[in-house]
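Hello,

Here is the structure you were waiting for. Please open it first, then read the notes below.

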Amino acid sequence: MTVKEVIALAAGCLGRDDLVSALDKEENALSEDEKLELDALLRAYNFVENEVALDYCPLKKEETVKVSENKIYYSELSSVPVNIRKVVCGGYLARFGTYPAYILLSDGWLGNANVVYDCIPNTKTSFNEESAFSEESGVSARLLALGVAAQYYYVNGENGRAALWDKKFRDALRAKNLLRRTVSVRSRRWV
């Protein structure tokens, strides 16, 4: 799915058919108002995509990188890591520690290592880019469009409409089993 498909669905949710048709126009044929509205929808899309990736459906990535001095620097990874799941060196799981700039391997290893990690999706700057999620991940274009509509209304100060679309977004997350029950801890009492 592309960003354009999600934003077209979100514009439809907002009742803005003018923005749906504006998505098909060339960049230089857009009016100033259309550019501002489409940019706001793109920012809302990036926000929702990050929220879903960080809170509900992690984006898992696997890469082979070079180990130098028992360290794997985050700058060698193609995406920004959020959580390191595992490191495999020579076919064996390696023990490791994470630090602000690198992963430190406990065993002396030279060569390449396979790193499996959760990452932050890249910021989308164009409507023709592919979404970080595929249909197989359980995150559909409709689900993202509901979140984009809610975020768009929040940014424009329409809190009543935003709450309505946010509820629909959370319900869609729950229906896909991405939103789990919240855990509550009973309050402590002094006897």
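**Salt bridges**

The count of salt bridges comes to 11. One of them pairs Asp 24 with Lys 4, where the closest N and O atoms are 3.3 Å apart. This pair links distant parts of the chain: Asp 24 sits in the loop between α2 and α3, Lys 4 sits in helix α1 (residues 3-14), and 20 residues separate them. Asp 24 is exposed, because its relative accessibility is 58% and exposed means over 50%. Lys 4 is partly exposed, with a relative accessible area of 25%.

Keep in mind throughout that this is a predicted model.

A second salt bridge lies between Arg 16 and Asp 18. Its closest N and O atoms are 3.0 Å apart. Arg 16 has a relative accessible area of 24% and is partly exposed. Asp 18 is partly exposed too, at 36% relative accessibility.

Next, look at helix α5 (residues 159-175), which holds both Asp 171 and Lys 167. Their side chains meet in a salt bridge, 2.9 Å from N to O. The two residues are 4 apart, about one turn of the helix. Asp 171 counts as partly exposed at 33% relative accessibility. Lys 167 is exposed, with a relative accessible area of 52%. Elsewhere, salt bridges that share partners join Arg 16, Asp 18 and Glu 37 into one network.

As background, side chains of opposite charge can pair when their charged atoms come close.

**A negative patch**

Which residues form the negative surface patch? They are Glu 26, Glu 27, Glu 32, Asp 33 and Asp 39. Take Glu 27 from that group. Glu 27 lies in the loop between α2 (17-22) and α3 (32-56). Its relative accessible area is 56%, so Glu 27 counts as exposed, the cut-off being over 50%.

**The four-stranded sheet**

One open sheet has 4 strands. Their order is β1-β7-β3-β4, and the pairing is antiparallel. β1 and β4 (92-93) stand at the edges. Each has a single partner strand, so one side of each is left without a neighbour in the sheet.

Now the pairings. Strand β1 (residues 59-67) runs antiparallel to strand β7 (residues 111-119), and 9 bridges join them. Lys 66 can serve as your marker here: its bridge partner in β7 is Asn 112. β7 also pairs with strand β3 (residues 81-89), again in the antiparallel sense, over 6 bridges. There, Ile 84 has Tyr 117 of β7 as its bridge partner.

**Strands around β6**

Strand β6 (residues 102-105) has side chains that alternate. Ile 103 and Leu 105 point to one face and are buried. Tyr 102 and Leu 104 point to the other face and are not buried.

Which strands pair with β6? One is strand β2 (residues 71-73), which pairs with β6 in the antiparallel sense over 3 bridges. In this pairing, Lys 71 stands opposite Leu 104. Another is strand β5 (residues 96-98), joined to β6 by 3 bridges and running antiparallel to it. Thr 98 has Ile 103 as its bridge partner in β6. A hairpin of 3 residues takes the chain from β5 to β6.

**Two residues with positive phi**

Finally, check the loop between β1 and β2, where Glu 69 is placed. Glu 69 is not a glycine, yet its phi is positive, at about 55°. Glu 69 is exposed, with a relative accessible area of 64%. Asn 70 is found in the loop between β1 and β2 as well. Asn 70 is not a glycine either, and its phi is positive at about 65°. Asn 70 counts as partly exposed, because its relative accessible area is 23% and partly exposed covers the range between under 20% and over 50%.

Best wishes

Definitions and conventions. Residues numbered from 1 in each chain as written. Predicted model: local features only at pLDDT ≥ 70, side-chain atom pairs only at ≥ 80, totals over all residues. Heavy atoms only, no water. Patch = residues over 30% accessible without salt bridge, like charges linked within 9 Å, V, L, I, M, F, W, Y side chains within 5 Å. Areas by Shrake-Rupley, 256 points an atom, 1.4 Å probe, with all protein chains shown as cover. Salt bridge = Lys/Arg side-chain N within 4 Å of Asp/Glu carboxyl O. Lys, Arg positive; Asp, Glu negative; His and termini not counted. Charge placed at Lys NZ, Arg CZ, Asp CG, Glu CD. Buried < 20%, exposed > 50% of the residue type's maximum accessible area, 1.4 Å probe, protein only. Pairing = 2+ DSSP bridges.
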